[in-house]
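Here's a quick briefing to read alongside the model. Have the sequence and the 3D view open as you go.

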Amino acid sequence: MKPLMLQGHTRAITQIRYNREGDLLFSCAKDTKPCVWYSLNGERLGTYNGHNGAVWAMDVDWQTTKVLTAAADNSARLWDCETGKQLFQWDTNNAVRTCGFSYSGDTIMFCTDRQMGYNPTLDIYDIRAGEQLANNAPLLSIPIDGPKVTSAVWGGLDEYIITGHESGEFSQFDVKSGERVRNVKVHTKQINDIQLNKDRTMFVSASKDTNAMLFDADSLDHLKTYKTERPVNSAAMSPRMDHVVLGGGQEAMQVTTTSTRIGKFDARFFHLIFEEEFGRVKGHFGPINSVAFHPDGRSYSSGGEDGYVRVHYFDPQYFEFEFEF
């Protein structure tokens with residue numbers, strides 16, 4: 001299982017994303033240039049140039065026509081996926097921490113940090129409405145009381161947004177009314193990542209409390225827990241098998257004191273239902289910050305603190321592997 005090594009970033013990777021077909025892989029990092037690659041051979045197609053700070057998150061719409069980025073330069077930006085041309089820029093008072101397209105691709109959301117006396121808000125825009133963009137008047141702006149939002153995703157049918165917070169809580173916001181419908185706290189420390197499964201009925205969360213957990217997306221019921229010994233930065237569910245991959249490692253500040261041989265920077269595979277770990281993949285020279293499965297489930301990618309994106313294609317034995325009861 002020799003990986004493709006994608007080297008285009010000069011600083012730590014913050015997030016990686018596949019488009020719906022899986023032929024393109026998008027990556028953003030603490031440098032200012034998000035990249036797009038062919039997932040099949042690792043060829044870099046280009047970069048989206050314009051940000052002046054670390055890019056924390058990015059998303060691509062359903063039809064792979066537009067790309068959305070959220071950055072520490074107090075802006076969220078919309079790009080033409082094919083040409084790399086900037087279509088629109090939202091200027092905010094604070095760094096933008098997370099962003100996402102709705103399933104339809106017509107509405108977007110992004111959430112700002114709490115900084116410089118400004119409170120965080122969750123803003124929703126309809127990108128088809130020119131006057132909303134021209135006047136910078138969001139469809140809905142939800143003030144976030146309490147701990148800041150560290151990651152967010154759209155729920156099923158675009159009816160609500162699920163947010164993960166610094167405190168380990170999850171909230172569910174109704175997109176029409178802006179009300180907080182549900183609030184649960186199962187994690188004890190910051191939530192680093194939320195990723196939905198293929199049919200958007202469940203999501204897996206990654207937290208600093210060393211656990212990843214599986215939840216029902218509608219009710220926020222806690223279903224499963226995947227335990228490790230180190231902070232989990234990212235977790236993703238396979239669209240093909242009942243598998244979850246976890247990426248993490250200790251805090252980036254402590255990396256220099258650790259030998260890579262100890263296995264702290266492995267991608268770890270767990271069975272979705274039995275919660276048992278059955279495999280590890282080595283490779284990164286530092287914590288893994290983001291993991292993503294290819295939409296066909298035949299490969300997965302990981303982006304690390306070392307600035308590399310690694311694309312792993314599974315061996316045939318992986319698909320024949322059966323869990324023994």
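**Briefing: charges, sheets, cysteines**

Arg280 is partly exposed, with a relative accessible area of 41% (buried means under 20%, exposed over 50%, partly exposed in between, using a 1.4 Å probe and protein chains only). Salt bridges with shared partners tie Arg280 into one network with Glu229, Arg230, Arg268 and Glu277.

Before the details, some ground rules. This is a predicted model, where local features need pLDDT of at least 70, side-chain atom pairs count only at pLDDT 80 or more, and totals for chains, interfaces and linings use all residues. Residues are numbered from 1 along each chain as its sequence is written, and side-chain values use heavy atoms, with hydrogens and water left out.

**Salt bridges**

- Side chains of opposite charge can pair when their charged atoms come close.
- The cut-off used here is a side-chain nitrogen of Lys or Arg within 4 Å of a carboxyl oxygen of Asp or Glu, and by that rule the count comes to twelve salt bridges.
- In the network, Arg280 pairs with Glu277, and their closest N and O atoms are 2.6 Å apart.
- Glu277 has a relative accessibility of 29%, so it counts as partly exposed.
- Glu229 and Arg230 make another salt bridge, at 3.0 Å from N to O.
- That pair is mixed in its exposure: Glu229 is partly exposed at 48%, whereas Arg230 is buried at 18%.
- Away from these residues, Lys148 and Asp113 meet in a salt bridge at 3.9 Å, N to O.
- The Lys148–Asp113 pair links distant parts of the chain, 35 residues apart: Lys148 sits in the loop between β13 and β14 (149-154), and Asp113 in the loop between β11 and β12.
- Both Lys148 and Asp113 are buried.

**Two four-stranded sheets**

- Strands of a sheet pair through backbone hydrogen bonds, either parallel or antiparallel.
- For bookkeeping, helices (H or I, at least four residues) and strands (E, at least two) are DSSP runs numbered from the N terminus, and two strands pair if DSSP finds at least two bridges between them.
- One open sheet has four strands in the order β10-β11-β12-β13, with antiparallel pairing.
- β10 (96-101) and β13 (140-143) are its edges; each has a single partner strand, so one side of each has no neighbour in the sheet.
- Neighbouring strands in this sheet are turned by 15° against each other on average, direction ignored (axes are lines fitted to C-alpha atoms, for helices over the stretch in contact, with angles from 0 to 180 degrees between N-to-C directions).
- Inside it, β11 (residues 107-112) and β12 (residues 121-126) are joined in the antiparallel sense by five bridges.
- For a concrete register check, Met109 has Ile124 in β12 as its bridge partner.
- Another open sheet of four strands runs in the order β18-β19-β20-β21, again with antiparallel pairing.
- Its edge strands are β18 (191-196) and β21 (222-227), each pairing on one side only.
- The twist in that sheet averages 20° from one strand to the next.
- β18 and β19 (residues 202-207) run antiparallel and are joined by five bridges, with Ser205 in β19 as the bridge partner of Ile194.

**Repeats from the record**

- UniProt (unreviewed entry) places the feature "repeat: WD" at residues 6-47, 48-89, 184-225 and 281-311; its positions are given in the numbering used here, feature names are shortened, and annotations may be inferred rather than shown by experiment.
- Residues 6-47 are 0% helix and 52% strand, with the end C-alpha atoms 13 Å apart.
- Residues 48-89 also come out at 0% helix and 52% strand, with 13 Å between the end C-alpha atoms.

**Cysteines**

- A search of the whole structure turns up zero disulfides (a pair of cysteine sulfur atoms within 2.5 Å).
- For Cys28, the nearest cysteine sulfur is that of Cys99, 7.8 Å away.
- Cys28 is buried, at 0% relative accessible area.
- Cys81 has its closest cysteine sulfur in Cys35, 13 Å away and too far for a bond.
- Cys81 also counts as buried, at 9% relative accessibility.

**A buried serine**

- Ser299 lies in strand β27 (residues 299-304) and is buried, with a relative accessible area of 1%.
- What does Ser299 touch, not counting residues up to four places away in sequence? Its contacts (heavy atoms within 4.5 Å) are Tyr18, Phe293, His294, His312, Tyr313 and Phe314.
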